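Subject: A structure for you to look at

Hello,

Here is the structure I promised to pass on to you. Have a look at it first, and then read on for what I found in it.

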Amino acid sequence: MPIVADLHIHSRFSYACSKEMAVERLAWWAKRKGISLLGTGDFTHPIYLTHLKQTLEPAEKGLFRLRAGERDVRFMLTVEVTNIFRHDGRLRKTHTLIFAPSFSIVERLNSRLADHGKLAMDGRPTLTCSARDLLRIVKDTAPECEVIPAHVWTPWFSVLGSLSGFDSLAECYGDEVRYIRAVETGLSSDPAMNWRLSALDGIALISNSDAHSPRKLAREANVLDCALSYTGVLDALLSRDPTRFLYTIEFFPEEGKYHLDGHRQCQVRFVPAETRHVNGLCPVCSKPLTVGVLHRVTALADRAAGYIPANPIPAKYVIPLEEIIAAALGQKPNTKRVTAAYNALLEQYGTELGILLDVDEEELARATPPRILAGILKTRRGEVQITPGYDGEYGTLALFDDEVGSRHPSLTAPGSRVR
């Protein structure tokens, strides 16, 4: 059976995260979502690390499971760290994922990282060393660890972002770039956007939810055919082989909160051409616009939009089931009616991802209310109207013609994406 891996999440010790982000609750939600393997997140935080040691036990080599409770879900030890540093006279801010195969390695690594920041301040600690030095520290301490630039295109905290990043991975990591074998595309971009850069041809493109609450798990994930072990999962993720890395599960990138350019305070949202027309300045307040992911990808790309590489890893796009149900019922997510309909569908069909991606239309129609069924099928076909996100504001989706909402005139429906 394929492994569904969501390897970038946070704990309740990270800023602006739900109190439900503890491994027991995460395992319960992961089972409902259809996730096989979940990152722990935040292994640098001393209190959370103690909690992980108390609640997890070894399973397959390099992976863990709960000592009690939902034992089918596996965990990998993971963390996201922030680096804030100066490079070539410019302030840089990056986020980086680190994967580790054992608690002993985590303890050694935490001891080294504590020299560069206060690990107990936040589940996603801020370090003063450069991204390149972080990579050296990790590889010197534990070569088994994997270092992956997180959400590489977002403006504020990413390697290639418009406001604090670099123009290439090599510019950031120098001769250490050979250790960067994958990047996380992030919610505001998808694999097809990243295919436009030949510099990423040798790099695996992975997708994770970056969840701050359990309900956001698996909004992006990776689906693998591999041995269930730390090395088995990493080998498949890094293989760029569609017989082993079967597909990614993707957020519609237009819904990401940094997809387009803009200035949220002034409610100005622009596509790249409009931003260039105003020389990057907000026409309302004359301050610089936040240049989003689409603009940044276009600026660095050396291929036209629509380029498809040989043997691409496919992508399947989803909207969380509760959001589809809420749209169908004219409700907000997390209301009693939406929760009741969600639970009924899970009881009938098993998991959320199974419902969104796998259960055939005829079987779904047997026990799914017609309007909810229509929403699921529209999502599968990419028949989604999206007002794109910008400057920290998530985009809004509409599945039905009678939904109220504005439409951005420059956006076309994303149904033509490779799947």
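A residue is called buried when its relative accessible area is under 20%, exposed when that area is over 50%, and partly exposed in between. Asp-210 has a relative accessibility of 16%, so it counts as buried. Please keep in mind that this is a predicted model.

**Two unusual backbone angles**

Most residues other than glycine have a negative phi. Asp-210 is not a glycine, yet its phi is positive, at about 50 degrees. You will find Asp-210 in the loop between β10 (204–206) and β11 (221–224). A second case is Arg-240, also not a glycine, with a positive phi near 55 degrees. Arg-240 sits in the loop that links α7 (230–239) and β12 (245–250). With a relative accessible area of 41%, Arg-240 is partly exposed.

**Strands β1, β2, β11 and β12**

Now follow the chain from that loop with Asp-210 into β11. In a regular strand the side chains alternate between the two faces of the sheet. Are the faces of β11 covered or open? Both are covered: Ala-221 and Val-223 are buried on one side, and Asn-222 and Leu-224 are buried on the other.

Which strands does β11 pair with? One is β1 (residues 3–6), which runs antiparallel to β11 and is joined to it by three bridges. Another is β12, also antiparallel to β11, with four bridges between them. Val-223 is a good residue to click on here: its bridge partner in β1 is Val-4, while its partner in β12 is Tyr-247.

Strand β1 is worth a look as well. Ile-3 and Ala-5 point one way from β1, Val-4 and Asp-6 point the other way, and all of them are buried. Besides its pairing with β11, β1 is joined by two bridges to strand β2 (residues 37–39), and these two run parallel. Within that pair, Ala-5 stands opposite Leu-37 of β2.

**Helices α3 and α4**

Two packed helices are described by the angle between their axes and the distance between the axes. For helix α3 (residues 103–113) and helix α4 (residues 131–141), the axes come within 10 Å and cross at roughly 145 degrees. The crossing is right-handed. From α3, the residues that make the contact are Arg-108, Leu-109, Arg-112 and Leu-113; from α4, they are Leu-134, Ile-137, Val-138, Asp-140 and Thr-141. Sorted by type, the residues of this contact are five nonpolar, one polar and three charged.

Which residues of α4 are buried? They are Ala-131, Leu-134, Leu-135, Ile-137, Val-138, Lys-139 and Thr-141. Their cover includes α3, along with β5 (74–87), β6 (90–100), β7 (126–127), β8 and α5.

**Helix α9**

In helix α9 (residues 293–300), the buried residues are Val-293, His-295, Arg-296 and Val-297. Among the elements that cover them are α6 (191–194), β13 (261–263) and α8 (272–277).

**Two residues to zoom in on**

The first is Ser-158, in the loop between β8 (146–149) and α5 (169–173). Its relative accessible area is 0%, so Ser-158 is buried. What does the side chain of Ser-158 reach? At 3.1 Å it reaches the backbone oxygen of Val-152, and at 3.0 Å the backbone nitrogen of Gly-161. If you leave aside its neighbours within four places in sequence, the contacts of Ser-158 include Lys-93, Thr-94, His-95, Trp-153 and Gly-165.

The other is Glu-323, which belongs to helix α10 (residues 321–329). Glu-323 has a relative accessibility of 23%, so it counts as partly exposed. Not counting residues up to four places away in sequence, Glu-323 touches Lys-216, Glu-255, Pro-333 and Leu-397. You can also check the spacing between Glu-323 and Asn-334: they are 11 residues apart in sequence, and 9.0 Å apart from C-alpha to C-alpha.

Enjoy exploring, and write back with any questions.

Best wishes

Note on methods:
Residues numbered from 1 in each chain as written. Predicted model: local features only at pLDDT ≥ 70, side-chain atom pairs only at ≥ 80, totals over all residues. Heavy atoms only, no water. Buried < 20%, exposed > 50% of the residue type's maximum accessible area, 1.4 Å probe, protein only. Pairing = 2+ DSSP bridges. Contact = heavy atoms within 4.5 Å. Axes fitted to C-alpha atoms, helices over the stretch in contact; angles between N-to-C directions. Left-handed = near helix turned anticlockwise from the far one by under 90°. Nonpolar A, V, L, I, M, F, W, Y, C, P; charged D, E, K, R; others polar. Polar contact = N/O pair within 3.5 Å; in protein donor to acceptor, adjacent residues only side chain to side chain.
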